[in-house]
Amino acid sequence: GRLAEAVEYYLATIEVTRLAGLGTAEARCLVNLALAHAGLAREREARRCLRDALRIGEVAPATVARAVQALGELQLGLGRHQAARRLFQQALLRYRALNDRTREADVLSDLAVAHRKIGRYPAAIELHQQALVILARMSAPMFELGARNAYGRTLLEHGDRPAALAEHQQALELARRTGQRFDEANALVALADCLPAAEADDHRLRAGQILSGLGLPQVACWT
């Protein structure tokens, strides 16, 4: 979650990959740099990095798929839900062609959020469940905690507060177990929306403290 430091390291690494002519490594760093920028609410910089990554020739298919998915995540954050959904579907096809089940589950979760954003709750819930079934088989806790946070938000908006609370609690436990401070803040914010005011305020305060400690803006949390 120390994104400002990550940005500096990615920038330095990109210079090395360019000097060495390592296109796939450069593209991978650009995708990661874009994700760091997005976490710092630098949408324009993030989008530029992803476009630069996709312009590089002969990039590994897995890196292209991740860049397409990340572009979808940016579009989702901008409220362009249909555009995001199309990009997620493209990424899903790419991950399936690569037999990358963990990333397949990750983009299924993103696709579920896109459906939720346009009010398609039954479709969103089905996609969330598909993602979590795959992640349970793959034993990928850092992906699972994000998927559970996203599923909890969908359940809450669909009117199932107890189920939403359970998903966010599981996400919080996974974040703490794996040391993912940024995701811990996400889970605390999501839990706050499921709890009475007094408890909610405490969760939001703790989330704010985590983000502040990481040098991140309060808008860095999302589900």
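## Exercises: two loop residues and a buried arginine

N99 sits in the loop that links α5 and α6 (101-117). Keep in mind as you work that this is a predicted model.

**Exercise 1.** Find out what sign the phi of N99 has, and whether N99 is buried or exposed.

*Solution.* Start with the backbone: N99 is not a glycine, yet its phi is positive, at about 55 degrees. Next, turn to accessibility: the relative accessible area of N99 is 60%. The cut-off for exposed is over 50%, so N99 counts as exposed.

**Exercise 2.** Work through E58 in the same steps: where does E58 lie, what is its phi, and is E58 buried or exposed?

*Solution.* First, locate E58: it belongs to the loop between α3 (43-55) and α4 (61-77). Then look at the backbone: E58 has a positive phi of about 55 degrees, although E58 is not a glycine. Finally, with a relative accessible area of 80%, E58 is exposed.

**Exercise 3.** Describe the surroundings of R85: which helix holds R85, which side chain makes a polar contact with the side chain of R85, and how far away is the nearest side chain of opposite charge?

*Solution.* Begin with the helix: R85 is part of α5, which covers residues 81-98. Now check for a charged partner: R85 is buried but has no salt bridge, and the nearest side chain of opposite charge, E126, is 13 Å away. A salt bridge would need the atoms to be within 4 Å. Then look for polar contacts: the side chains of R85 and Q82 make one at 2.7 Å. Last, leaving aside residues up to four places away in sequence, R85 touches L111, A114, H115, I118 and R120.

How values were computed
Residues are numbered from 1 along each chain as its sequence is written. This is a predicted model: local features need pLDDT of at least 70, side-chain atom pairs count only at pLDDT 80 or more; totals for chains, interfaces and linings use all residues. Side-chain values use heavy atoms; hydrogens and water are left out. Helices (H or I, at least four residues) and strands (E, at least two) are DSSP runs, numbered from the N terminus. Buried means under 20% relative accessible area, exposed over 50%, partly exposed in between (1.4 Å probe, protein chains only). Lys and Arg count as positive and Asp and Glu as negative; His and the chain ends are not counted. A polar contact is a pair of N or O atoms within 3.5 Å; within protein, one must be able to donate a hydrogen and the other to accept it, and residues adjacent in sequence count only if both atoms are side-chain atoms. Contact means heavy atoms within 4.5 Å.
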